[in-house]
Amino acid sequence: MPGIFVFSEDCAIARQLLTPGFELKQVMHQPSCVITTAIEAAEQFIAAGADKVFVLQTESLWPEGLATAIANLVVEEQASVVLVGGTVRGKNVAARVATRLQAGMSSDAHSVTFADGKIETARMLYAGLALSEEILSLPAVVTIPPRTFVEPAATVRQGIVKTVAVVPDERVAISEVCPNERTGVDIETARKLVTVGRGFRQKTDLLLAEGLAKALDADVACTRGVAEDFHWLPVERYIGISGRKVKPDLYLSAGVSGQVQHIVGMRDSKVIAAINTDERAPIFEAADYGIVGDLYEVLPLLTAALENKQ
Amino acid sequence: MSYLLTEEQQLIRMNARDFAKEHLEPRAVHLDKSDEFPATTIKLMAEHDLLSWFLPEAFGGAEVGYLSYVLGIEELSKASAAVASIIVNHMSAAYAVNRWGSAQQKQRHLPALIKGETLGALALTESGPSVGEGPNAVIATKQADGFVLTGNKSFVANAGRAGLYVVFACTDPLAGGKSLAAFLVDAKAEGLEIGLKKRMMGLRGRPIADVTFRNVAAELLGPAESGVAMCSELLSVLAIAEAAQTVGITAAALEHAGKYAQQRVQFGRPIGAFEAIQTMLAEIATNCHVARHAVYHAATLIEQGEPFSAEAAMVKLFSQRLGMHSLLDTVQIEGGYGYSEEMLMAKLFRDVSGTTIAESPMEFPEKLIAASIA
Amino acid sequence: MPRLLVCYKWVLDEQDIRINPTDLSLDASRAKGKVSDFDRNAIEAATQLVEQLGGTLDALTYGTSTVKQSLKDALSRGPNKAYWIQDAEAVRADSHVIASVLAAAIRKIGPYDLIICGEGSSDSYNQQIPSRLAELLDLPAVTFAQEIAGDGTGFKIRRKLDDCTELATVRGSAVVSVLGEMNHPRIPGLKQVLGAAKKPSEEIKLADLGLNSRDLMPRAINKSVRGFVMKRKNVIFKDGSAAEKVAQMVASLANEGLC
């Protein structure tokens with residue numbers, strides 16, 4: 001029975017994908033199915049809208065090794081669309097599945113719709129310079145970046161849960177798994193961000209930005225240079241094409257010039273504000289509001305003004 | 001001669017451009033401020049075979065044509081004229097050894113020059129009215145087993161860092177400049193004194209100083225009676241490379257001023273929209289284009305063994321004007337920013353004055369050109 | 001002695017691409033070609049492996065007529081030999097087609113102990129080829145590598161994932177994709193640039209690969225491409241004292257309900 005299939009090794013991401021999955025289900029009149037390794041999450045998937053949950057029986061540390069099992073499953077079930085969470089692992093699995101299906105695949109799509117018997121997606125090209133629309137014939141595979149969609153609200157529903165045996169892939173052994181250092185701040189979910197750039201002269205000066213962030217109830221993020229070259233902030237705080245993509249309600253930067261690679265990471269922010277001494281800095285073209293001035297002068301004044309307001 | 005660059009020449013140019021962008025550009029401003037010899041950079045360039053260029057494969061050189069060398073110098077100059085100047089001076093000394101050296105001299109010196117273990121320098125200019133005249137003229141006296149040199153050379157580029165000096169000296173004090181001959185002098189030779197490093201207006205980072213010779217042992221390079229002709233050829237070869245430098249610096253200034261004109265808004269429009277600015281930029285671009293191709297043509301003449309002294313003089317004359325006029329304009333286009341030492345344009349202005357009007361030890365090119373027409 | 005293969009793509013330099021302000025179409029007329037950025041990292045990683053382990057490194061590329069321009073550039077960066085496949089239809093090829101072509105070529109010129117790719121091409125950045133190749137060649141794919149080490153029996157690859165790093169030990173052959181941050185591609189020396197001309201390159205004809213029309217038919221088609229232009233309010237406060245500008249900013253943020 002053809003269906004809209006969703007997979008991610010991360011359950012929260014898989015639930016997010018049920019939102020576009022539901023849209024497709026309505027239009028294509030096919031059930032939505034989730035493929036997962038977590039049997040305990042099956043109920044949540046059903047509550048979030050899945051008609052069927054396939055649980056892969058595996059203890060493997062290497063979700064990529066599940067590609068064969070998933071591919072077999074979607075071929076057997078005659079899936080029309082497979083939506084995969086665009087994590088590093090997900091992209092690997094998705095491409096293998098697409099190859100087995102001899103299907104087209106659209107990577108990092110930020111929208112997916114069905115029209116005229118085909119799947120249409122929208123995604124970036126040329127490092128963010130351009131937007132492209134792609135058309136995929138069925139069956140189609142699409143990877144979607146995490147947090148593009150919000151998961152559906154849970155409702156009381158019925159659904160089917162099936163377990164699927166998996167033959168592990170012995171060719172790769174995984175060891176020495178080192179979790180990334182977590183500071184507890186996930187800038188991708190922050191509602192407001194104060195972003196620091198190379199306009200700051202030394203690490204201790206970042207206190208000015210922290211003061212402002214406190215007054216705004218915001219978190220502090222940075223540009224790639226501040227994290228990777230200066231090491232003033234951990235790499236998980238940097239926004240850019242090779243870093244985090246953020247879309248807060250407010251992105252306010254100080255000492256950020258606004259190079260394309262950075263802008264790509266924050267251009268979906270609701271309101272963009274910038275402080276820079278150079279009126280020709282490209283950030284001002286990307287900003288809703290800006291102050292041409294010295295951050296060392298402006299930040300304390302701005303912090304004080306915001307504190308006074310409260 | 002084909003008007004288009006071969007695939008190899010294009011690759012060589014791209015390679016020099018990539019190297020310049022990666023290794024020279026980020027350090028150019030700092031080098032200008034510190035005026036300290038960029039030893040690490042020169043070592044890196046040697047590892048990339050960028051001190052070998054047209055020198056023979058037999059000694060480890062890349063043995064590319066002179067045009068390929070000129071393409072490389074243009075790209076390197078665009079990023080850091082001071083570093084390019086160190087290379088150009090090194091290569092002119094190496095040219096002399098390669099062109100006129102005996103088999104033994106080549107064997108002894110070229111491998112070290114190619115590997116960058118020895119930096120070359122050319123000592124020609126003197127404080128007197130012309131080379132070979134005046135109390136400080138360097139005189140070469142024949143000895144039983146060679147020559148000794150006594151006198152003073154001014155403004156020797158690479159002095160103090162060079163391991164080998166190519167020195168032009170007179171063998172007959174009474175005949176003066178007419179008795180010029182070329183000599184090789186080891187930097188470690190006894191009696192060789194390097195003066196204090198001079199602080200110059202531009203091309204900072206390239207060492208330059210006076211060199212005093214007190215009975216310094218020297219080896220004759222080429223025939224003693226051919227010194228004047230050798231000097232003339234060497235200066236022509238050098239002039240073409242320096243013109244390539246000027247083109248590179250001018251191109252950098254043009255690009256910088258062009259971007260500035262697009263962004264700087266006055267009276268509601270980017271200044272690049274105003275006719276006066278457009279005219280200036282158009283003239284610079286045109287002259288730069290013409291100079292560039294005249295340089296390429298002159299370099300091709302060298303490659304093909306054709307006479308090139310008149311073309312070298314023309315290229316020198318044209319690029320002198322190109323460099324100075326263009327940079328005066330680009331400074332003006334950038335206004336206060338152009339005049340400010342904080343910005344790049346001031347450095348480019350100072351650098352181009354070094355490759356054009358200053359320090360070029362050659363007779364006024366007009367004479368040479370006029371002579372070639374007659 | 002391992003046999004390594006690096007796959008690379010010759011792309012347009014996105015820095016040279018302009019957006020037409022009237023209709024947001026892309027103008028690539030002045031765009032020069034280059035070896036895709038992350039493919040340079042792949043070539044560098046492969047070259048370093050050969051320097052450490054011995055063995056040989058081949059390069060493989062598939063593209064339109066411009067692919068020939070890429071050969072000397074790629075060869076100057078380390079590979080011993082370059083294979084190339086040229087076809088006018090490559091401009092329309094999607095990842096399905098590209099992978100089919102490359103896999104067929106690899107079946108012809110391989111086998112290889114390790115096939116190395118970049119994390120994604122700098123133009124379309126689909127990031128599919130390494131995994132697709134692996135599936136077609138029935139090999140494991142280890143993507144997003146930070147480090148690769150070989151010891152004669154297999155390869156140990158440290159990968160960087162969204163929330164951790166892990167070590168993947170592979171027995172037998174594999175396809176690996178490398179991260180841009182993995183290394184800093186060396187700029188070839190002048191003699192290496194000249195030496196590239198002496199290295200062999202060999203064309204593989206598409207017709208000799210035994211592919212059928214299904215393999216060569218793109219499954220993902222580009223419907224439209226338009227430049228992304230930021231449309232923001234651009235209200236910039238540049239006159240007056242710092243305090244005045246700050247007051248204006250605060251008022252604007254308050255208007256937006258942000259403070």
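Reader: How many bridges join strand S1 of chain A to strand S2 of chain A, and do they run parallel or antiparallel?
Author: Keep in mind that this is a predicted model. S1 covers residues 4-7 of chain A and S2 covers residues 32-36. One pairing to look for is A:Val6 with its bridge partner A:Val34 in S2(A). The two strands run parallel, and the number of bridges joining them is four.

Reader: Which strands are the edge strands of the open sheet in chain A?
Author: Seven strands make up this sheet, in the order S5-S9-S4-S1-S2-S3-S10, with parallel pairing. From one strand to the next the twist averages 20°. An edge strand here pairs on one side only, and that picks out S5 and S10 (160-165) of chain A.

Reader: At about what angle does H4(A) run to S9(A)?
Author: H4(A) lies across S1, S4 (81-85), S5 and S9 (140-144) of chain A. Angles over 145 degrees count as roughly antiparallel. Set against S9(A), the helix runs at about 170°.

Reader: Which element gives the most to the side of chain A that touches chain C?
Author: The contact takes 67 residues from chain A and 67 residues from chain C. Elements giving two or more residues on the chain A side include strand S7 (118-125), strand S11 (172-179) and helix H8 (295-309). By class, that side has 35 nonpolar, 15 polar and 17 charged residues. With nine residues, the top contributor is H4(A).

Reader: Which residue in S14(C) does A:Leu131 stand opposite?
Author: S8(A) is joined to strand S14 (residues 220-227) of chain C by seven bridges, and the two run antiparallel. Across from A:Leu131, in S14(C), you'll find C:Arg226.

Reader: Why are H1(B) and H3(B) roughly parallel to each other?
Author: H1 (residues 7-34) and H3 (residues 66-79) of chain B pack with their axes 8 Å apart. Angles under 35 degrees count as roughly parallel. The pair therefore earns that label, as the packing angle is about 25°.

Reader: By class, which residues does the contact of H1(B) with H3(B) have?
Author: H1(B) passes H3(B) in a right-handed crossing. On the H1(B) side are residues including B:Ile12, B:Arg13 and B:Leu24, and they meet a set in H3(B) with B:Leu71, B:Glu75 and B:Leu76 among them. Sorted by class, the contact has nine nonpolar, three polar and six charged residues.

Reader: What is the radius of gyration of chain B?
Author: Chain B has eleven helices and nine strands, and its C-alpha atoms fill a box of roughly 80 × 50 × 45 Å along the principal axes. The globule rule gives 21 Å for 374 residues, and the chain comes close to that, so it is as compact as a globular protein of that length. Its radius of gyration is 21 Å.

Terms used. Residues are numbered from 1 along each chain as its sequence is written. Chains are lettered from A and ligands numbered from 1 in the order in which they are written. This is a predicted model: local features need pLDDT of at least 70, side-chain atom pairs count only at pLDDT 80 or more; totals for chains, interfaces and linings use all residues. Axes are lines fitted to C-alpha atoms, for helices over the stretch in contact, and angles run from 0 to 180 degrees between N-to-C directions. Angles under 35 degrees count as roughly parallel, over 145 as roughly antiparallel, 65 to 115 as roughly perpendicular and the rest as oblique. A crossing is left-handed if the near helix is turned anticlockwise from the far one by less than a right angle, and right-handed if clockwise. Two residues are in contact if their C-beta atoms, placed from the backbone, lie within 7 Å. Ala, Val, Leu, Ile, Met, Phe, Trp, Tyr, Cys and Pro count as nonpolar, Asp, Glu, Lys and Arg as charged, and the others, Gly among them, as polar. Two strands pair if DSSP finds at least two bridges between them. The radius of gyration is taken over C-alpha atoms; the globule rule is 2.2 Å times the number of residues to the power 0.38.
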